Amino acid sequence: RPPPRCGSIMSGPEQQQAPPPPEPGEPDPAHGYEPVAPHWFYCKVTDGRERWVPFSSQDSERLEEAQGSGRGREDVVVPTSGGRYDVHLGQRQRVAVYWEEEVSEVRRCTWFYKGDKDNKYVPYSETFSEELEEAYMVAVTLDEWKKKLESPSREIIILHNPKLMVHYHPVASSDDWGSTPTEQGRPRTVKRGVENIAAEIPSGEPLQIDHLVFVVHGIGPACDIRFRSIVQCVNDFRNVSLSMLQAHFRRAQEQQQIGRVEFLPVNWHSSLHSTGVDVDLERITLPSINRLRHFINDTILDVFFYNSSTYCQTIVDTVASEMNRLYQLFLQRNPLFKGGVSIAGHSLGSLILFDLLTNQKAAPEEDEGSQEGSRTTSSNGGIEGVKEILKQLELSEYCDVFEKEKMDRQALFLCTEKNLKEMGIPLGPRMKILHYISSKEEMQVCLLHGSSSPRSLLVSRETNPHPPLSQVSANYPQLDYKPTIFFAFGSPIGMFLTVRGVKRINPNYSLPTCKGFFNIFHPFDPVAYRIEPMIVPDLEFEPMLLPHHKGRKRMHLELKEGLTRMSVDLKNNLLGSLRVAWQSFTRAPLPALEGASAEAEGEAEASVEKQPETKAEEPPAAVKEEVAPINVGRLNGGNRIDYVLQEKPIESFNEYLFALQGHLCYWESEDTVLLVLKEIYQTQGITLDQPLPGSQ
């Protein structure tokens, strides 16, 4: 694109004599012109409405630098928005890198006019902006104002003076009454330079990425109360994380120990519903209450799809392949990245991730005693390993049969009853072998099966050689990385495990490739369930209260606790007084001297004083019991798993009214984001500037 033609109008004397710097007020008419500083914008279309959004200062400078150095080249590509979008300078297009999104128009903006509907400033096209800049330059240098320009769309712009420039939209095309264009339409303000339109320009994101988090959505295409997509919700989550880093990791940022955490969305809903199942559903859907039925087909049915072996396979394949694709693409674009990878799931997305993680295969050197069942390979994986198992089961006479069939340990764990029968193994030994396999699988997957019998396990093994106990029969893919931490937001994992017949989780179990697991939920979330009671069923205890990001409990919760404590104290005082009164009443008929009665009165007073004290101390003792260390197994490395958010004051008025909001609140929850950042950076030895009260 050719540069602005401002320089071609400059006269000889103006080129010879350098103009003095302008004063802060009005420019000197003879020498006050200074070229306008451009800023880059992109056009965001929401519900059919266009909105021009400024790039960050960092990105705009990069684009301007590339524009200056790569003029005339069509293949100049500049990464923006933390590397999530590429700008193709030649085509003036902004393209999403990691997900599908409509291409946005990009402009190098210098002149703006106030829009019709929302009073937001709209940039002129680059070509017309150059014409306006030339006219402005001539007006300033020659001090000749009242300049009138006509845009390509027959709109009139009049430059009255440096501080008053107006834009007239024509109401209609030229009429027969000879009305001038300036008399048509309402005048709108024209501004030169981005600094004069009060646009909120972000400074930009830190270039260094310390950790990568993949975020998987739940049911339906919409992820929050405003029916926004997973991309928009994760954008909010990322923005909140940047503000939390500035507020709580300032010291580490100043010392350049940290950069930021990148969050990337993982979408599986569109792949599931592109299989043609929507067409099949449409045929059988009743015509009444059309919108409600369409909503159910598009959202609630995702739960049933996941419980179907056919569509469950589609979902887990999509989630795993998409996360692997994003991971490889991220490494390709960030070759110096050395950080870890974590995963987060909302609602049904957390269950999908949990099932994927329980079916990951740990490296042989990472296998532990509780998981050696089907994981061991090499030395224990050959025929010798099978011979050891048969010897342990007192079935050594069948070693030759297994050796003839070239059956190693891995093949043994893929055997079904039908396979063993075809090998000629009698019923008794067959049952012993199958029971051994099922018990090892049970230990590996962590689930102590309460209601299902070995028979039901055998039935599931007929359809799939190695499904984990009580899970949907599917072939779970392997991930290209080992997640550091798994975060579940508003998760129904506990409910689904219970419905599958799982009574408890083995305290010694941990996810094969992921050592951290946090179950985070809002107290009014109707979809969320706890995990810890499945590990420690005999002990009643509260989930960990998530600290408020400003470092204290919400005031209404403190007030509620204070009132509860006060009512307990009043109750104890009242009971103590009644007890003393009753004791005095029962002693009253006995004859007593005056001194003795005084002594009894003193004893009564002492008991009144002592009794409430002992009773009043009981509640704090109970509180101390609650915060005492609780062993919740190895699922989160010995640390607590369940974390509950503090409800907002307005939410405490009606739990039912805010139930849906409770399930969709995590994307903009500072407390949730801060816990995620705290746990991620703790793995790198970096802590908060000031520890929050009540945090682990």
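Which helix gives the largest share of the nonpolar patch? The answer is in the legend to Figure 5, where helix α8 (residues 290-298) supplies three residues. The legends below describe close-up views of a predicted model.

**Figure 1. The whole protein chain, shown for orientation.**
The protein chain is built from 25 helices and 21 strands. It has 696 residues, and 45% of them count as buried. Among the contacts in the chain with a separation of 6 or more, 71% are between residues 24 or more positions apart. The exposed area of the protein chain is about 37000 Å², and 54% of that area is supplied by carbon and sulfur atoms.

**Figure 2. An open, parallel sheet of seven strands and two helices that pack on it.**
The seven strands follow the order β14-β13-β15-β17-β19-β21-β20, and their pairing is parallel. The edges are taken by β14 (260-266) and β20 (544-545); each has a single partner strand, so one side of each has no neighbour in the sheet. Strand β13 (residues 209-216) runs parallel to β14 and is joined to it by seven bridges. One pair of bridge partners is Val215 and Pro265, the latter in β14. Helix α4 (residues 230-248) packs on this sheet and touches β13, β14 and β17 (485-489). The direction of α4 makes about 170° with that of β14. Helix α25 (residues 670-682) also packs on the sheet, where it touches β13, β14, β15 (340-346), β17, β19 (516-521) and β21 (642-644). For α25, the angle of about 170° is made with the direction of β17.

**Figure 3. Surroundings of Val261 in an edge strand.**
Val261 belongs to strand β14, one of the two strands at the edges of the sheet. Is Val261 buried or exposed? Its relative accessibility is 0%, so Val261 counts as buried. Leaving aside neighbours within four places in sequence, the residues in contact with Val261 are His211, Val213, Ser241, Leu245, Leu677, Ile680 and Tyr681. Leu677 is 416 residues away from Val261 along the chain, yet the C-alpha atoms of the two are separated by 7.8 Å.

**Figure 4. The hairpin of β4 and β5, with the strand that pairs next to it.**
Strands β4 and β5 run antiparallel and are joined by four bridges. Tyr85 has Ala96, in β5, as its bridge partner. Four residues lie between the two strands of this hairpin. Arg92 is in the loop between β4 (85-88) and β5 (93-96), and its phi is near 55°, a positive value in a residue other than glycine. Most residues other than glycine have a negative phi. With 9% relative accessibility, which is under the 20% limit, Arg92 counts as buried.
Strand β5 also runs antiparallel to strand β6 (residues 104-109), to which two bridges join it. In this pairing Arg94 has Ser104 of β6 as its bridge partner. In a regular strand the side chains alternate between the two faces of the sheet. In β5, Arg94 and Ala96 make up the covered face, while Gln93 and Val95 make up the uncovered one.
Ser81 sits in the loop between β3 (77-80) and β4. The relative accessibility of Ser81 is 16%, so this residue counts as buried. Apart from neighbours within four places in sequence, Ser81 is in contact with Asp59, Arg94 and Glu205.

**Figure 5. A nonpolar patch on the surface.**
Phe227, Ile289, Leu292, Phe295, Ile296, Ile300 and Phe304 make a nonpolar surface patch of about 710 Å². Helix α8 (residues 290-298) gives the largest share, three residues. Phe304 lies in helix α9 (residues 301-306). The relative accessible area of Phe304 is 55%, which is over the 50% limit, so Phe304 counts as exposed.

**Figure 6. Asp143 in the loop that follows helix α3.**
Asp143 is located in the loop between α3 (126-142) and β9 (147-150). Although Asp143 is not a glycine, its phi is positive, at about 55°. How is Asp143 classed by its relative accessibility? At 45%, Asp143 counts as partly exposed.

Conventions
Residues numbered from 1 in each chain as written. Predicted model: local features only at pLDDT ≥ 70, side-chain atom pairs only at ≥ 80, totals over all residues. Heavy atoms only, no water. Pairing = 2+ DSSP bridges. Contact = heavy atoms within 4.5 Å. Axes fitted to C-alpha atoms, helices over the stretch in contact; angles between N-to-C directions. Buried < 20%, exposed > 50% of the residue type's maximum accessible area, 1.4 Å probe, protein only. Patch = residues over 30% accessible without salt bridge, like charges linked within 9 Å, V, L, I, M, F, W, Y side chains within 5 Å. Areas by Shrake-Rupley, 256 points an atom, 1.4 Å probe, with all protein chains shown as cover. Salt bridge = Lys/Arg side-chain N within 4 Å of Asp/Glu carboxyl O.
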